[in-house]
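The following exercises ask you to read covalent links, ring contacts, backbone angles and helix packing from a structure. Please work through each task before turning to its solution.

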Amino acid sequence: MYLYKGFTLVELLIVVAILGIIAAIGFPIYTGHIDTARQQEAIASLNSIAMMQEQYQLENNNSSYWTTGNSCNDSTNQIESTLFGGDNSLNDEKYYYCIIPYNNNGYKIIATLKTDNNKKLCLDNNNETNC
């Protein structure tokens, strides 16, 4: 009579297969949550820029808003130095930001995903989010 301690090869393969199925289901869900969190961070940065735009206009007695030019390039550092006094206040790890003129005296803030220039989040001076 032999007493074997351990698992058979079939039992180990079943466990590995179950772990693979769990990973295949869980990984896309995890990355989806990470992308949503990053998007929410960018939206919070858009709102911060909008608040600082209003404050900048009031402090400088301007009739129009400050912008970074007519094209939307990576102006994150320029926004931070002008509106935030040089503080690194924006989450610029995954998105870059710019402010362009919009509707006569208004502005539109655009956050563009660094890895995909087609994915943009926008906010204008009327708190509308259409890009």
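**Exercise 1.** Determine which cysteine is joined to Cys72, and describe the handedness and the setting of the link.

*Solution.* In this predicted model, the partner of Cys72 is Cys98, with a distance of 1.8 Å from S to S, which falls within the 2.5 Å that a disulfide requires. The next step is the angle about the S-S bond, which is -95 degrees and makes the link of Cys72 and Cys98 left-handed. Cys72 belongs to the loop between α1 (9-60) and α2 (76-83), while Cys98 belongs to strand β1 (residues 95-102), so the disulfide ties together parts that lie 26 residues apart in sequence. Finally, compare the surroundings of the two ends: Cys72 has 23% relative accessibility and counts as partly exposed, whereas Cys98, at 0%, counts as buried.

**Exercise 2.** Find how many disulfides a search of the whole structure gives, and work out the pattern that they follow along the chain.

*Solution.* The search of the whole structure gives two disulfides. Besides the link of Cys72 and Cys98, there is a disulfide between Cys122 and Cys131, whose sulfur atoms are 2.0 Å apart. The angle about the S-S bond of Cys122 and Cys131 is 115 degrees, and this link is right-handed. Its ends can be classed by relative accessibility, with Cys122 buried at 5% and Cys131 exposed at 58%. When the bonded cysteines are counted along the chain, the pattern of the disulfides reads 1-2, 3-4.

**Exercise 3.** Classify the geometry of the aromatic pair formed by Tyr65 and Tyr107, and decide whether these residues are buried or exposed.

*Solution.* A pair of aromatic rings is described by the distance of the centres and the angle of the planes. The count of aromatic pairs in the structure comes to two, and one of them is formed by Tyr65 and Tyr107, at 4.6 Å centre to centre and with 70 degrees between the planes. Because planes over 60 degrees apart count as edge-to-face, the pair of Tyr65 and Tyr107 is assigned to that class. As Tyr65 lies in the loop between α1 and α2 and Tyr107 in strand β2 (residues 106-113), the pair ties together parts that are 42 residues apart in sequence. Both Tyr65 and Tyr107 are buried.

**Exercise 4.** Examine the phi angles of Asn104 and Asn127, and state where each residue is found.

*Solution.* Begin with Asn104, which has a positive phi of about 60 degrees although it is not a glycine. Asn104 is found in the loop between β1 and β2, where it is exposed with a relative accessible area of 80%. Turning to Asn127, this residue also has a positive phi of about 60 degrees without being a glycine. The place of Asn127 is in the segment after β3 (120-124), and with a relative accessible area of 58% Asn127 is exposed.

**Exercise 5.** Identify the buried residues of α2, and work out how they are arranged about the helix axis and what they pack against.

*Solution.* The buried residues of α2 are Thr76, Ile79, Glu80 and Leu83. Viewed down the axis of α2, these buried residues fall within an arc of 100 degrees, so they line one face of the helix. The elements that the buried residues of α2 pack against are α1 and β1. As a last step, follow the chain just past α2, where Gly85 takes a positive phi of about 65 degrees.

Methods
Residues numbered from 1 in each chain as written. Predicted model: local features only at pLDDT ≥ 70, side-chain atom pairs only at ≥ 80, totals over all residues. Heavy atoms only, no water. Helix = DSSP H or I, 4+ residues; strand = E, 2+ residues; numbered from the N terminus. Buried < 20%, exposed > 50% of the residue type's maximum accessible area, 1.4 Å probe, protein only. Phe/Tyr/Trp six-rings, centres within 6.5 Å; stacked < 30°, edge-to-face > 60°. Arc of directions from axis to C-beta. Contact = heavy atoms within 4.5 Å.
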